[in-house]
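The following report concerns a model with two chains. Please consult the sequence and the structure shown here while reading.

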Amino acid sequence: MSVIDNIVIGAGPAAAAVVSALVEDRRQSVTVLDVGTRLERWRQELLDEARIQPVALWPTSTRRALSEQPKSVGAVLPEKRVYGSDFPFRDEGQLAGVEAEGGANPNLVSSAFGGFSNVWGAQVMPFTRPTIDRWPVSYADMTAAYRDILRLIPFAGVDDDLAELFPLLVAPAPLPRLAPRTETILRRYERSRHRIRPLGITVGAARLAFDASRCTRCGLCMTGCPDGLIFSASHLLDSLIAHRSVRYQSRSLVLEVTEDATGASVRWKDLATGRLHERSADRVFVAAGGIGSTRLLATLKSLEGKSLKLQEALQFVLPALSIRSAGDPRQQAAFTLNQFNVALQLDEDGRDLPFIHFYPYNAAMLEAVPRVLRVRSLDPALASLMARLTVGLGYLPSWASPTVQLRIGARRHDGELPEVTVRRDDFGDLPMLKATVSALRRVAPWLDLWPMPGVRLGAAGKSYHFGGTLPMAEASDPRELVADRLGRPRGIRRVHFVDGAVLPDIPATTFTLTVMANARRIAVEAMKREIEAAA
Amino acid sequence: MSLVVGVAGASGYVGGRVTAGLEAAGHRVVELGRRPSAMGGREVRHFSLDEVPSPTLLDGLDVLVHAAWDLQAVGRHPWSTNVAGSRRLLDVPAPCRVVFVSSMSAYHGTTQAYGLTKLAVERAVATRGGTSVRLGLVYGPSAAGMVGALRRFATLPLAPLIAPDARHFMLHEDDLGPALARLLTAGGRIHGVVGFAHPRPVAFRDVVESLCTRPTRWVRLPWRPVYASLRGAELVHLRMPFRSDSLIGLVRPATVLPGEPVHAELGLAFRPFHEAGVGA
C-alpha cells in the first residue's frame, strides 16, 4: 500500500491523540498544522535556570515571575496563567471574528502548542456508561480507547467508590500525600458512607494526569509545575513529532477545509509571511477545539447565517467551610491540583450526575481575599479562614445547563475565518444546581464541608467543556448537521472532526480524556477501514 | 446452547438455587468459592471476597454469575468486603458476561446498608456492561435469609409485627434458577437491572401470616423503637436474631419492580405468592 497523506489541524489534546494513533502505522504520513504559540523564550530560560534548585530556594523575583496567580478577564471566573504567561489564551489571529456577547468568555480558541491543556486541571475520568450508551459508539470501543490514552499519559489516582461509575481501566500510580483537609474529608466519608450514599453522593480522591512520583509538593501546580509534571498535550506531541513520519508546521492558521472527488484540501495562512497556502491530502483531521473546529466546519458546509447550539457543561464555583481547622495550610507542603471529587447521582441510571472537583488551599485563594484583610494584624484570622476553606469547581451536564448559541456569520475577507458570535441569554432556574447544593448541605454535618452562600456561575464558554455542534449520530438521525462515528459530516468522506465538536453531549464529568480517547478511536477506525477497503 | 457458568457463592442458599437451575437447564457450573458446595462433583476454583482473585479465575467461562455476599460483613465492613471484593472480581480480565445477583433492597434512594452495598456493586456491574438481577423476598420450603428469620419468629406464641402494610415483591425459590437460565439464553441482549419477582407486591402482614404453622399472636409495634433497640444492642455487641439494617428493608421496601418488560420478552415466569404460599 502507498503512503497515506494525513493533515492534522491543531495541536491540542485531540490532535495529539490522533497523531499517537497514526504514527503506529508506517504507511501514514502526518503533517500537523498549528499556530503553535509557546511560552515566551525569556520565561522558558528563567524556568530552565530556576528548576535546577528547589522552589524554596528560588529568588523572590523568579518566584513572582513564574507563579503569577489567575487574572480576571471579565468572564466572572479568573483566567489561569502558566509560568506567569498568558500564552495559551493569546490571540495570534485565531480569535479574529469571534464575538462574545452577554459576558461570554472571549478566549474560546487557543493558539498554543498543546492548546488549553497547558492550563487545564489535569483531571482524567471516563464518561459514564449511561452517557456513552446514547452515542453511536459502543462503550467497549470507548473503553479500549480510554485505556490506550491512559497508557500514553501519566496517571495517578486511587481505587475508591468513584470507580463504580468511573472504572480506573489501568492501574494508576499513587497520588502524593493529600492535604490534611482532604484526608479528613475522605476519612469522614468512609465513616458516614451509609448516611451519605442514600442521598446519591459519592466522594473519592482525584484522578490526575500528572507524574505523581516526582511531585515535591511545592504548591505551584496551579501556576505551572516547575518540573513539568502535569500532562500537557504538548508533551505527547513533542515525543510524537520526533517520529520521522510526523512533520510539524507552526505559525500556520488554517482558514478553510474543503473536499472534492479527488481528496480533501486545506488552506492556511503563514503567520510569519502572511501568505496563503493550500495543500491536498488523503485525509484531514480537524482538531482545532470545539469552536475553532466549528468555524472550519462552516467552510466545509454552508452554515452562514445559521445558529448552532453549543453544548457546554456549566461551570460554577462553590466555596465551602469546615468547622474544624486542618491547620494553617500556608505552612503545609501540598500539591494544589484537584484533590477530591463529589459526584451526585440524581437518577437511577447515573446519567444526571453533577460533579464537583474540590481544591483545598492554594495561593490563589489567599489572593482572592481583599487586600485590606491581608494585613499582619489580621493574620491569625486569615490563617483560621484558610485552615477551613475548600473551593469546589463544579459542572452541570450540558442538558441541564443554559443553552449557548453559536451564530455563524460571513467571511469578511478571503484570508479570514467565518465570523462567529457566542451568546448565552439567560441562566434560567438551574434546578440541577439547586439540587446539588441542597444535597451538599444535607451531608455537610458528616463531611464537615459546609457550602457557603453565593455560588458563582461561569460565563458562556468559560468551562472549556463545550462542543457538540456536529454530534456523532446514527445514520437515521433526522438532524441536518451530524457526523458519523468517524466524525465525518454527512456527504463527506475524507474530513474527520475529532474534538469536542463531535461529542453528542457533554456530561459534568471530566472532559479531556474523552476528547482524546474519541479522537484516537476515530483515527484508529479510519485507518482500519482503509486497510479493509484496500484488501 | 450449553454454557460454562462460573457461580461465585455457589455454596450459599441463593447460589445453590442458582446452580441447581443452571444445571437443570443443561449448563456446566464451575464453583467459585472458598469451599465446595454440598453437591460436590463440580470444578471448584478458589475465590473469596476478602482476597485478590487469581487473574485466571474466569478463564474459559462464558458467564460469571456473582452471588457471593458476606452477610456478616453488613455490620462490620460491608464496603471493604462486599463492594471492594466484588469490584476486584469484576476487574478480573475475561471476556465473559456478568450477571450479578442483587436484591430488591437495592434501589435509588435506599437508606439500608445492605441495599446500598448491593446498589454500589450494581453500578460497577452496569459500568462493565453486565446485568443485575434484583431478587424479591425469596420464599419457599427451604428459604433462608429474611423469610428464614421470619419463620423462626412464627414459631413463637407471641411475635412482633412491624410495618404490616409495607408491600414486598416476592420470589419463589424454585423460580430463581429457571429464570436465570432463561436470562442467560438471551445472550448479551439484556443489560441493566431486572427484577426477579412476581410483579404484584404482597403486604407484609400476608407474608407473616402464611408463615405460621401454629397459632401465633402477632403484636403490632412501631418500627422506630424496635430499630433503636436493635441498634443499641448491636453497639454493645449483643447477638440479636434480627439485624437493625434488615428492619429498614422491611419498613421501606422498593416500590417498583425494575425491568418488568423483560419478563414478557424472555418468558420469565414467577408464581403469584397467594397461589404458591410460603410452604409450597
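The report treats the chain interface, then one helix of chain B, then a helix pair of chain A.

This is a predicted model, in which local features need pLDDT of at least 70 and side-chain atom pairs count only at pLDDT 80 or more, while totals for chains, interfaces and linings use all residues. Residues are numbered from 1 along each chain as its sequence is written, and chains are lettered from A in the order in which they are written.

At the interface, 13 residues of chain A are in contact with 15 residues of chain B (C-beta atoms, placed from the backbone, within 7 Å). On the chain B side, α2 (78–90) and α3 (113–127) each give two or more residues, and α3(B) supplies the largest share, 7 residues.

Helix α1 of chain B covers residues 13–24; its end C-alpha atoms are 17 Å apart, which agrees with the 16 Å expected at 1.5 Å a residue. G26(B), with a positive phi near 95°, follows α1(B).

In chain A, the axes of α1 (residues 13–22) and α7 (residues 233–241) come within 9 Å and cross at roughly 30°; the two helices are therefore roughly parallel (angles under 35 degrees). P13(A), A16(A), V19(A) and S20(A) of α1(A) meet A233(A), L236(A), L237(A) and L240(A) of α7(A).

The table gives the residue classes of both contacts.

| Contact | Nonpolar | Polar | Charged |
|---|---|---|---|
| Side of chain B that touches chain A | 6 residues | 6 residues | 3 residues |
| α1(A) with α7(A) | 7 residues | 1 residue | no residues |

Conventions
Two residues are in contact if their C-beta atoms, placed from the backbone, lie within 7 Å. Helices (H or I, at least four residues) and strands (E, at least two) are DSSP runs, numbered from the N terminus. Ala, Val, Leu, Ile, Met, Phe, Trp, Tyr, Cys and Pro count as nonpolar, Asp, Glu, Lys and Arg as charged, and the others, Gly among them, as polar. The expected span of a helix is 1.5 Å times one less than its number of residues. Axes are lines fitted to C-alpha atoms, for helices over the stretch in contact, and angles run from 0 to 180 degrees between N-to-C directions. Angles under 35 degrees count as roughly parallel, over 145 as roughly antiparallel, 65 to 115 as roughly perpendicular and the rest as oblique.
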